[in-house]
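Here's a walk through one model, written for someone who likes to know the cut-offs. Have the coordinates open as you read.

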There are 2 protein chains.
Amino acid sequence: MARDGARPGSRPAAAGRLRLADYLPYRLSVASNRASGLIARAYQARFGLSIQEWRVIAVLGEGAPRTAQGVCEATAMDKVTVSRAIRALDARELVRRSANEHDRRASDVTLTPEGEAIYAEVAPLALRYEAALLEGFSPDERARLMALLSKLEARLDAGGFG
Amino acid sequence: MARDGARPGSRPAAAGRLRLADYLPYRLSVASNRASGLIARAYQARFGLSIQEWRVIAVLGEGAPRTAQGVCEATAMDKVTVSRAIRALDARELVRRSANEHDRRASDVTLTPEGEAIYAEVAPLALRYEAALLEGFSPDERARLMALLSKLEARLDAGGFG
DNA sequence: TGAAATTAGTTGCAAATGATACTATTCTGC
DNA sequence: GCAGAATAGTATCATTTGCAACTAATTTCA
């Protein structure tokens, strides 16, 4: 993939000139969509789970029960999205909602045994996909990639844009 | 953001255990959505452009006229998405479609002067956003991040999943 | 206390998206 | 030069998404 050197017919890549193929937000978007799409198709085909539903299961599988709000924080998903994902999982009896002891607006969400069973199947599959994605990356490269993504997120948290 | 060390109430992070916060496809998705969302809001607010429309303008601004198919290849967008974006831009007279000399199914899409003017305004803005995102990254880190993303895309191209 | 502001979660609606099918044109190979 | 396959682009329809409004419960603080 020739990302360096002028493409036929394109203007010379002057300093500061925008080239979509080298533009970080675009690169991130393409990589993310392709990676997520690939894995999403697998979840969908084998378990009938959307990415959103899978993420809810993933954080609940980490152990502690969470409120919908807690799921929002852990998954960086919108509260509407989380609400719908939980409802769908509840309908399939993969999660259960129970009254939160301290706040009657909220309910605690936990995996049912069926939910745990799905988690036990999907989690290793997800890890295998990640491993396949990172095949050929040295441990150092993997760590660096994660660290760079963290740094990027820290910049996004910092704000100071606009 | 404490990504290392057990979160209260979570199970210990055993080897090979899935933790969403450390899962590459998830990390990519969050970083991408946040970065794109931030910039998309700026395009939308100032120029009324969706990300898709902006991408079409960006590749046309690179110089050569392209057919819709050419735009698809350059933007990694679906042909339906590209078709709609071009139609919207055409309606606003930011692009023009003209008969392709070699293939009467296709038309060449070029920026109108108005489109060029928008490009001339948006491109520097986009570059400033990218620069702000990468503030604090050394040139070496930037190069490494791009290289790692390329490697990831190469893995995705390679297939061999499932 | 108790009025006003905030938060948890859901619902409704409008817009975005994506798969599929369709038209028109071009290519392939005989 | 022609039948069949492939391609450019568009239209259609069902699903998904995202915002704003809403209810109910909780917090704030005068």
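## Around DNA strand C

Of the 19 residues around DNA strand C, the nearest are A:Gln69, A:Ser83, A:Arg97, A:Arg105 and B:Arg84. A residue counts as near a molecule or strand when one of its heavy atoms lies within 4 Å of it. Sugar and phosphate make up 56% of the atoms of DNA strand C that come within 4 Å of the protein.

Before going further, the ground rules: this is a predicted model, with local features needing pLDDT of at least 70, side-chain atom pairs counting only at pLDDT 80 or more, and totals for chains, interfaces and linings using all residues. Residues are numbered from 1 along each chain as its sequence is written, chains are lettered from A and ligands numbered from 1 in the order in which they are written, and side-chain values use heavy atoms, leaving out hydrogens and water.

## Contacts and elements at strand C

Now for some atom pairs. A backbone N or O atom of A:Gln69 sits 2.5 Å from a phosphate oxygen of DNA strand C, and a backbone N or O atom of A:Ala68 is 3.3 Å from a phosphate oxygen of that strand. Chain B joins in through B:Gln52, where a side-chain N or O atom is 3.0 Å from a phosphate oxygen of DNA strand C.

As for elements, α3 (68–75) and α4 of chain A, along with α4 of chain B, each supply at least two residues of the surface near DNA strand C. Helices here are DSSP runs (H or I, at least four residues), as are strands (E, at least two), numbered from the N terminus. The most comes from α4(A), with 5 residues. By residue class, this surface splits into 4 nonpolar, 6 polar and 9 charged. In that scheme, Ala, Val, Leu, Ile, Met, Phe, Trp, Tyr, Cys and Pro are nonpolar, Asp, Glu, Lys and Arg are charged, and the others, Gly among them, are polar.

## Around DNA strand D

DNA strand D is surrounded by 17 residues, the closest being A:Arg84, B:Gln69, B:Ser83, B:Arg97 and B:Arg105. Sugar or phosphate accounts for 57% of the strand D atoms within 4 Å of the protein, and bases for the rest. The surface near this strand divides into 4 nonpolar, 5 polar and 8 charged residues.

Which part of DNA strand D does the side chain of B:Lys79 approach? An N or O atom of that side chain is 3.0 Å from a base nitrogen. On the phosphate side, a polar side-chain atom of B:Arg97 is 2.7 Å from a phosphate oxygen of DNA strand D, and a backbone N or O atom of A:Arg104 is 2.9 Å from one. Two or more residues of the surface near DNA strand D come from each of α4 (79–91) of chain A and α3 (68–75) and α4 (79–91) of chain B. α4(B) gives the most, with 4 residues.

## Where chains A and B meet

The contact (heavy atoms within 4.5 Å) takes 69 residues from chain A and 68 from chain B. Interface size is often quoted as the accessible area lost when the parts come together. For chain A and chain B the buried area is about 6,800 Å², with carbon and sulfur atoms giving 60%; buried area is the accessible area (1.4 Å probe) that two parts lose on being put together, summed over both.

The structure holds 16 salt bridges over all chains, and the count between chain A and chain B is 8. A salt bridge means a side-chain nitrogen of Lys or Arg within 4 Å of a carboxyl oxygen of Asp or Glu. B:Arg34 forms one with A:Asp157, the closest N and O atoms being 3.0 Å apart. Another links B:Asp157 and A:Arg34, with the closest N and O atoms 3.0 Å apart. B:Asp157 lies in helix α6 (residues 139–158) of chain B and A:Arg34 in helix α1 of chain A, so this pair joins two chains.

Methods: A polar contact is a pair of N or O atoms within 3.5 Å; within protein, one must be able to donate a hydrogen and the other to accept it, and residues adjacent in sequence count only if both atoms are side-chain atoms.
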